[in-house]
Amino acid sequence: MNKQQYLSKLKTMLPANESEDILNDFEEHFRTGLENGKTEDEIIQSLGNPVDIAKEYGYTEDRISKMSVSTRVIALIGLIFFDLLIGISIIASLFAAWVSLWAVVLSLVAAGIAGLVGMFLTSFWYLGLCAGIASLALAVLMGIGMIYVSKYAFKALVWYGRLHVRVASGD
């Protein structure tokens, strides 16, 4: 962001009748900083965020301009098209993979139990014992991994839902 972008952003957040004096003060800050050998970026960093400056002058967030209605509508239409064309298929595929992996965990548990029960029915009991323990151990490891996958998948879905809310509200 350069000086002009910074000042124009600040100007949009201030009422028209008071913005002239405030902007003159900030232009003086830029002039003084440039005379002292600072770059525009250093001056902008020292001044701070324009939103915070507007709040310091007593202007609440409802006065700070948000996304215009036309921009919000276009963004919502784009998001809906993305959801219809790509988003739903990706989420459905990921959900199917998630269900399948949980089914594998349950199958390994069932195989482990069957192996332990089967050791009593054959003369090779040690094979049933080893197979049962191995299947149960693999089920436990995969179950722990799936708990983490489920946790982060849920966080991703919450983030995706909040993205829709932010776009709809214009933030």
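Q: Which residues does F26 touch, leaving out those up to four places away in sequence?
A: In this predicted model, F26 touches Y6, L7, L10, L47, I53 and Y57. F26 itself sits in helix α2.

Q: What makes F26 count as buried?
A: Its relative accessible area does. Buried means under 20%, and F26 comes out at 7%, so F26 is called buried.

Q: How far apart are F26 and L10, in sequence and in space?
A: They are 16 residues apart along the chain, and their C-alpha atoms are 9.7 Å apart. L10 is also one of the residues that F26 touches, where contact goes by heavy atoms within 4.5 Å.

Q: Which members of the largest nonpolar core touch the most other members?
A: The core has 13 residues, and Y6, L7, L10, L14, F26, F30 and I53 are the ones that touch the most other members. As for where the core comes from, α1 (3-13), α2, α3 (40-47) and α4 (50-56) each give at least two residues to it.

Q: Why is the pair E27 and R31 called a salt bridge?
A: The cut-off is a side-chain nitrogen of Lys or Arg within 4 Å of a carboxyl oxygen of Asp or Glu. For E27 and R31 the closest N and O atoms are 3.9 Å apart, so the pair makes the cut.

Q: What about R31 and E28: how far is it from N to O in that salt bridge?
A: Here the distance is 2.5 Å, N to O. That is within the 4 Å limit, so this one is a salt bridge too. The general idea is simple: side chains of opposite charge can pair when their charged atoms come close.

Q: Where do these partners lie along the helix?
A: E27 and R31 are both in helix α2 (residues 16-35), 4 residues apart, or about one turn of the helix. R31 and E28 are both in α2 as well, 3 residues apart, again about one turn. Shared partners tie E27, E28 and R31 into one network.

Q: How many salt bridges does a search of the whole structure find?
A: It finds 2.

Q: What makes E27, R31 and E28 partly exposed?
A: Partly exposed covers the range between the buried cut-off of 20% and the exposed cut-off of 50%. E27 has 29% relative accessible area, so it falls in that range. R31, at 40%, does too, and so does E28, at 39%.

Q: Is S135 buried or exposed, and how do you know?
A: Buried: the relative accessibility of S135 is 16%, and the limit is under 20%, so it qualifies. S135 lies in helix α6. It touches L108, A111 and G112, not counting residues up to four places away in sequence.

Q: Why is N49 called partly exposed?
A: N49 has a relative accessibility of 37%, which puts it between 20% and 50%, so partly exposed is the right label. You'll find N49 in the loop between α3 and α4. Its C-alpha atom is 8.9 Å from that of L10, with the two positions 39 residues apart along the chain.

Q: What makes S89 partly exposed?
A: At 39% relative accessible area, S89 falls between 20% and 50%, so it gets that label. S89 is part of helix α5. The C-alpha atoms of S89 and S46 are 46 Å apart, and the two residues are 43 apart along the chain.

Q: What is the volume of the largest pocket, and which residues lie nearest its centre?
A: The volume is about 370 Å³. The pocket is lined by 13 residues, with I91, L94, F95, A153 and L157 nearest the centre.

Q: Which helices supply the lining of the largest pocket?
A: α5 (69-118) and α6 (125-169) each supply at least two residues. The largest share, 7 residues, comes from α6.

Q: How do the residues lining the largest pocket divide by class?
A: The lining has 12 nonpolar residues, 1 polar and no charged ones. Leu, Ile, Phe and Ala are among the types counted as nonpolar, so I91, L94, F95, A153 and L157 all belong to that class.

Definitions and conventions
Residues numbered from 1 in each chain as written. Predicted model: local features only at pLDDT ≥ 70, side-chain atom pairs only at ≥ 80, totals over all residues. Heavy atoms only, no water. 1 Å grid on protein atoms, 1.4 Å probe; cavity = no way out; pocket = protein on both sides within 12 Å on 5 of 7 lines; lining within 4 Å. Points joined across faces, edges and corners; volume = space filled by probe spheres on them. Buried < 20%, exposed > 50% of the residue type's maximum accessible area, 1.4 Å probe, protein only. Core = buried A, V, L, I, M, F, W, Y, C linked by side-chain atoms within 4.5 Å.
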